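Work through the exercises below with the sequence and the structure open beside you. Try each task before you read its solution.

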Amino acid sequence: MSKRNWGSGEVLSRKVGARIEELLPANLATADNVHFTAQAPLSRDFRPERAVGGTINVSGMVGENSQFKIVLELAMQKRDSSGTDPEDFEDWTVTTTFYRTESAGPPDLDPFHYYAEWHEEIGEAAASDSGVIDLDTIGDHYRYGGADGVATVLLTEIMANRGASAQSSRQDRVSHQGSLAMMGSFNTALDNGRISGTGWKLDWAQVADLIGPEAETVINRMSIDTAVPEKQRRAALKGVDFLADEEASRQTASEQSINRRLSSLLEELDSMNRGEGAPAIDLAQGDVAVTQERLESIIRTYPDGLAAALDDGNFGMARTIAESGDESYAKMVMVYGFHELYGAIGQLQESDRAVRNIAGAITAFGTAINRGNSEMAQLSLKRASDAFVTVTQELVEGGQTRLTDLRAVLAYHDLTAAFETHVETRDDLRGEDLAYYFDATDRLIESARRQHERAEKAREAYYLFTQQK
């Protein structure tokens, strides 16, 4: 909250107090339960990046022992990085619940700290998390409502304390679930600097901008009622505690959402599997290794530094070095070129196996999740990650780079046509030309990209799996 300026200048506490009294029901202190709702447009200043439009809905309740919960719902749309066509926008929703109750979160929350759970959906993607947050976090993050979220929790704290203050027992008055227990009134806590964070203390000017008569937050659209909603009334007649009942309903809805998303992800993982197919390059690995070793032995007979100069693209130096050799410079470059081609072929084959390993690991992951085997699911994700390392080393940093450099060497020395002729006449290369190997590289990169998408979905699925009760 210290990063934002919600108020400036002096604001008399009596003006803010008068506005609070206007908002609160007259029988608040004696009511068993308090329920509140509000809806407002989402503030443009606090709207997340690329969000379009949006509304904020707030609802909540204060009950026995001043326990309370607040549900904040954001509904908006997300545009892509360049488009402005509304038909291309994705639905974007966030549901966040704040608790200071006996049944949710840690039992010993510090004042003005809250146990919060949020669930966010953008299109078909979803994410969830939970933890203890403070006023700073609420004010700084859209998932918690920003200024609207802070205003709502402050007003709820006032309602919770107002109800506790009317209790006949001093123990009940000072030991309730609200943050103001043992602090006295909201006014006293504010005047004494008890509502604070790292490097800041809440003052009346800020409170005025949040819940004062001219505040531009959702508070000024709030409806507060002490009448028990019909659903809660029926639950109470059955002996069902309203907070526990709401908690059970919330958990059930959350679990259903998680299960739906998890099932959808597992179906996507299965449908995206590229399956088995012919190797990218139909050439025995043993033949590749033997041929490359033979070519390397020939290169070792060439003048020292020739291969290194060609590797570095220092062709002038390579030509000078070659002058001391027994073979023509063109022949030396051709032998070097075949050495690099066979080296690239070996790396493409390693990459092809790695991509297949990724596909198999993620398929095994899906099977493990379906069987409820968390350990096997983790192991499958690790195998996929290890295989991605191989793809990076052997394909992106290996075969692809090697072929690109080879093409540059041949083009510079005007040997492309001659090299192609030799490639097409070699029996072990099946009469393929250089273009075949560039195409194989592109196909492998595309396969690796698809498997990377599967792996990302698998990680999300594993997170959802761990959130299941």
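**Exercise 1. Find the two sides of helix H14 (416-425).**

Task: State which exposed residues sit on the face of H14 turned away from its buried side, and which residues of H14 are buried.

Solution.
Step 1. The model is predicted. On the face of H14 turned away from the buried side, the exposed residues are Ala 417 and Thr 425.
Step 2. The buried residues of H14 are Phe 419, Glu 420 and Val 423.
Step 3. These buried residues lie on the same side of H14, because the arc they cover around the axis is only 100 degrees.
Step 4. The packing partners of the buried residues of H14 are H12, H13 and H15.

**Exercise 2. Place Phe 419 in a nonpolar core.**

Task: Describe the largest nonpolar core and list what Phe 419 touches, leaving out residues up to four places away in sequence.

Solution.
Step 1. The largest nonpolar core has 61 residues. Those with the most contacts inside it are Leu 306, Tyr 329, Leu 341, Phe 365, Ile 369 and Phe 419.
Step 2. Among the elements that give two or more residues to this core are helix H8 (242-271), helix H12 (329-370), helix H13 (374-412) and helix H15 (434-467). H12 gives the most, with 20 residues.
Step 3. With residues up to four places away in sequence not counted, Phe 419 touches Met 334, Gly 337, Phe 338, Leu 341, Leu 406, Leu 410 and Leu 434.
Step 4. Another core, of 57 residues, lies apart from this one; Met 159, Ile 195, Trp 200 and Ala 208 are among its residues.
Step 5. As background, nonpolar side chains tend to be buried together in soluble globular proteins.

**Exercise 3. Trace the sheet.**

Task: Give the order of the strands in the open sheet of seven strands, then describe how E2 pairs with E1 and with E3.

Solution.
Step 1. The order is E6-E5-E4-E3-E2-E1-E9, and the pairing is antiparallel.
Step 2. Strand E6 (125-134) and strand E9 (223-225) are the edge strands, since each pairs on one side only. On average, neighbouring strands of this sheet are turned by 10 degrees against each other, direction ignored.
Step 3. Eight bridges pair strand E1 (residues 34-41) with strand E2 (residues 51-62) in the antiparallel sense. Phe 36 stands opposite Gly 60 in E2.
Step 4. E2 is joined to strand E3 (residues 68-78) by 10 bridges, and these two strands run antiparallel. Ser 59 has Val 71 in E3 as its bridge partner, and Thr 55 has Ala 75 in E3.
Step 5. E2 and E3 form a hairpin with five residues between them. In the turn, Asn 65 has a positive phi of about 60 degrees.

**Exercise 4. Compare the settings of salt bridges.**

Task: For the pairs Arg 162 and Glu 21, Arg 300 and Glu 293, and Asp 352 and Arg 356, decide whether each residue is buried, partly exposed or exposed.

Solution.
Step 1. Recall the cut-offs: buried is under 20% relative accessible area, exposed is over 50%, and partly exposed is in between. The structure holds 15 salt bridges.
Step 2. In the salt bridge of Arg 162 and Glu 21, the N to O distance is 3.1 Å. Arg 162 in helix H3 (residues 146-165) and Glu 21 in helix H1 (residues 13-23) are 141 residues apart, so the pair links distant parts of the chain. Arg 162 is partly exposed at 28%, and Glu 21 is partly exposed at 46%.
Step 3. The closest N and O atoms of Arg 300 and Glu 293 are 3.4 Å apart. Arg 300 has a relative accessibility of 53%, so Arg 300 counts as exposed. Glu 293 is at 42% and counts as partly exposed.
Step 4. Asp 352 and Arg 356 meet in a salt bridge of 3.0 Å, N to O. Both lie in helix H12, four residues apart, about one turn of the helix. Asp 352 counts as buried at 7%, and Arg 356 is buried at 19%.

**Exercise 5. Find a network.**

Task: Which residues are linked with Glu 446 in a network of salt bridges?

Solution.
The network links Glu 446 with Arg 449, Arg 450 and Glu 453.

Methods:
Residues are numbered from 1 along each chain as its sequence is written. This is a predicted model: local features need pLDDT of at least 70, side-chain atom pairs count only at pLDDT 80 or more; totals for chains, interfaces and linings use all residues. Side-chain values use heavy atoms; hydrogens and water are left out. A nonpolar core is a set of buried Ala, Val, Leu, Ile, Met, Phe, Trp, Tyr and Cys residues joined through side-chain atoms within 4.5 Å. Buried means under 20% relative accessible area, exposed over 50%, partly exposed in between (1.4 Å probe, protein chains only). Contact means heavy atoms within 4.5 Å. The arc is that of the directions from the helix axis to the C-beta atoms. Two strands pair if DSSP finds at least two bridges between them. Axes are lines fitted to C-alpha atoms, for helices over the stretch in contact, and angles run from 0 to 180 degrees between N-to-C directions. A salt bridge is a side-chain nitrogen of Lys or Arg within 4 Å of a carboxyl oxygen of Asp or Glu.
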